[in-house]
Amino acid sequence: MEILRGFKDVLPKDIEKWHKLERIARDTLESFGFKEIRTPVLEKTSLFARGVGEDTDIVEKEMYTFLDKSEESVTLRPEGTAGVVRAFIDNHMENLPYKKYYYIGPMFRYERPQKGRLRQFNQIGVEVFGISNPSVDAEVVYMDKVMLGKLGLNNLRIEINNIGCSRCRPGYMKKLKEYFYEHKDGLCEDCKRRLEKNPLRILDCKNKNCRLIAKNAPLITQFACAECKEHYEKAKVKLKNLNIEFIENPYLVRGLDYYTKFVFEIITDELGAQGTVSAGGRYDGLVKQLGGGDIPGIGFASGCERLIELMEFEEDKLFEYYVANLESDDYAVEIAAKLIEVTQKRVYVEYEKKSLKSMMKKADKMNASFVVIIGENEKNSNTVVLKDMKNSTQNEYKLKTFLDNEVKRWV
Ligand SMILES: [Zn+2]
Ligand SMILES: [Zn+2]
């Protein structure tokens, strides 16, 4: 059997990386007062059609959508925000005293698989509800940067833009459309298609010709309403107050319809074209659009696979102890249980009956620090033999002495 194209197993040898990423992310986000929320991976298709936007690439061509057995159209979530907003509304979370949440989990998009892009990928994301104050925009960027820093990512560039709101964007879109229609022939096929429904996306097309044409396109900054302008200017001041360096990029648009006012990306140069490690922004109309109150929101998401690619890892030990169980299963398990209890370390008990030599080889492959050798003799004399794999010393101990020593070792 083969795995589906664009899907990937995370094997035990790599799991420490995932644990490390998740641990650092959780610790950082929780320290900023964010609480975890877990929403289903499967939702009604209409949630994403309404939440992400009918005219986005995601909804148009990248979703895993199918009819379930009762003929309801359902979709594997292509992103995290719509589900969190739905949960926020469904569970009346506007009544909770805390309104900052984060999630970690798999998303699904039917895209052409390529290096660094999977059809099932994982994201760490945050959402903040009910705060229109631009200070929170700056705090979210700050927190994102802190998290990435703790993961060992440096040389990061922060780009921001004002993307307008439901009041000023339609007028801007009209001007943008007019401009791109004048230059229609020079646009790539994708952009010709985007022209009618989503001209904003042409601004960040990677095609050379499209970029040239986009260079002279009207910018949202010229059309943004007073409220958007004021919000954006204040957010910039707050960022400066937090000593966060940023670049204003008027061509920065996000692939999702729901963003408003302030958007940002955090970019690294170490990955070439796939350089964005985190992206987000404000979505002040989304809660209302999905049936909730007039509640503003802001968030970001980071792709876990990309983060892991950029993080540095020491070679991890799989287990601290390998129990070379030669013939006394019960005694071996008893000792392992005691060892785990007193040291809290990882102990692997062998059950395949092999020679001591082949067990030693295995322990070495597992990169175990110590081998506990247990055979008939040890059982009868209530002792163990401990081999230190680092300096190859080997000694026999009474069980109690052994346990006492091992407790001290890890203090
Ligand atoms: Zn506006
Ligand atoms: Zn294009």
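This is a short talk on strand 14 and its partners, then on Arg-409, in a predicted model.

I'll start with the domains. The protein is divided into domain 1, covering 12–168 + 224–310, and domain 2, covering 321–409. Between the C-alpha centres of domain 1 and domain 2 there are 48 Å.

Now to strand 14, residues 370–374. How many of its residues are buried? The count is 5 of 5, and the strand is mostly covered. As for the side each residue takes, Phe-370, Val-372 and Ile-374 point one way, while Val-371 and Ile-373 point the other way. Residues on both sides are buried.

Next, the pairing. Strand 12, residues 321–325, runs parallel to strand 14, and 5 bridges hold that pair. On this side, Ile-374 in strand 14 has Asn-325 opposite. Strand 15, residues 383–388, also pairs with strand 14, this time antiparallel, over 4 bridges. Here Val-372 is the residue to look at: Leu-386 in strand 15 stands opposite. Val-372 is also one of the buried residues listed a moment ago.

Last, Arg-409. This residue belongs to helix 15, which spans residues 399–409. Why does Arg-409 count as partly exposed? Because Arg-409 has 13 C-beta neighbours inside 10 Å, and a residue is exposed at 12 or fewer and buried at 20 or more. Which distance separates Arg-409 from Thr-343 in space? From C-alpha to C-alpha it is 8.7 Å, with the two residues 66 apart in sequence.

That covers strand 14 and Arg-409.

Key:
Residues are numbered from 1 along each chain as its sequence is written. Chains are lettered from A and ligands numbered from 1 in the order in which they are written. This is a predicted model: local features need pLDDT of at least 70, side-chain atom pairs count only at pLDDT 80 or more; totals for chains, interfaces and linings use all residues. Helices (H or I, at least four residues) and strands (E, at least two) are DSSP runs, numbered from the N terminus. Two strands pair if DSSP finds at least two bridges between them. Domain bounds come from an automatic or database domain assignment.
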